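Thanks, everyone, for making the time this morning. I would like to walk you through one model, beginning with a single element and then stepping back to the whole chain.

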Amino acid sequence: DKRRIPRIMVYFACLGLGFLFIEMALIERFSVFLNSATTAFSVVLAGMLVFSGLGSWFSSRFVDKAGKGIRIAVALIAVSVVCYILFLFPMIQTLSALPLFVKGIVVLIVIAPVSFALGMPYPLGLSTMKEHTGSLIPWAYAINGAFSVISTPVAAIVSISSGYTALFAVSIVLYGLAFVCFPGDRKAR
């Protein structure tokens, strides 16, 4: 159905931007906490890849009820990001005296819920496209990949002009828009 094409493209574009916006904001915040941009990059990136991979695997439980899966994922992403906006900086200040190894574990614990949830929307979106719009799956990959690439300079512009809290806020908007444009039936159990 050609009417679904714009929704599909916006959905996968939002996922490409939103994931990287959250990742970049977390790397910046944890650079202060870990006293090293390189260490923060390594820990956050590795943790997000592992936990989002687990979320992607877990999303297979929602193939027949993708609407329920996307509601859970977007809700968990939004709650996590709001918690980061409100509590991440005070937590970093409070726990700054911990040893580096313990700080690394704290980072992994803090990023686990959002990363797990971030792994779910992509496969859920793809699973809804197989029957009717399978020919659009390569386009979904391409759109997501392209917007993942442009997310870096866009995130830099947003963070420099408005700060990392704005980057977190924009990511919530992007995942809200992704929810609205979800290619499947959001009302399905």
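Let me start with helix H4, which covers residues 100-118, and please keep in mind that what we are looking at is a predicted model. At 1.5 Å a residue, the 19 residues of H4 should span 27 Å, and because the end C-alpha atoms are 26 Å apart, the expected and the computed span agree. That said, H4 has a kink of about 45° at Ala-112, shortly before the proline Pro-113.

Now, which residues of H4 are buried? They include Lys-103, Gly-104, Val-106, Val-107 and Val-110, and Ala-112, where the kink lies, is also among the buried residues, as are Val-114 and Leu-118.

There is a surface side to this story as well, since Phe-101, Val-102, Ile-105 and Ile-109, together with Leu-98, make a nonpolar surface patch of about 460 Å². Leu-98 itself lies in the loop between helix H3, residues 66-94, and H4, and because its relative accessibility is 30%, where partly exposed means between 20% and 50%, Leu-98 counts as partly exposed.

Stepping back to the whole protein, we have 7 helices and 0 strands, and buried residues make up 47% of the 189 residues. The C-alpha atoms fill a box of roughly 55 × 35 × 25 Å along the principal axes. For 189 residues, a compact globule would have a radius of gyration near 16 Å, so the 17 Å found for this protein agrees with that expectation.

Definitions and conventions:
Residues are numbered from 1 along each chain as its sequence is written. This is a predicted model: local features need pLDDT of at least 70, side-chain atom pairs count only at pLDDT 80 or more; totals for chains, interfaces and linings use all residues. Side-chain values use heavy atoms; hydrogens and water are left out. Helices (H or I, at least four residues) and strands (E, at least two) are DSSP runs, numbered from the N terminus. The expected span of a helix is 1.5 Å times one less than its number of residues. The bend at a residue is the angle between axes fitted to the seven residues ending there and the seven starting there. Buried means under 20% relative accessible area, exposed over 50%, partly exposed in between (1.4 Å probe, protein chains only). Patches are made of residues with over 30% relative accessible area and no salt bridge: like charges are joined within 9 Å, nonpolar side chains (Val, Leu, Ile, Met, Phe, Trp, Tyr) within 5 Å. Accessible areas come from the Shrake-Rupley method with a 1.4 Å probe; for residues, only the protein chains shown count as cover. A salt bridge is a side-chain nitrogen of Lys or Arg within 4 Å of a carboxyl oxygen of Asp or Glu. The radius of gyration is taken over C-alpha atoms; the globule rule is 2.2 Å times the number of residues to the power 0.38.
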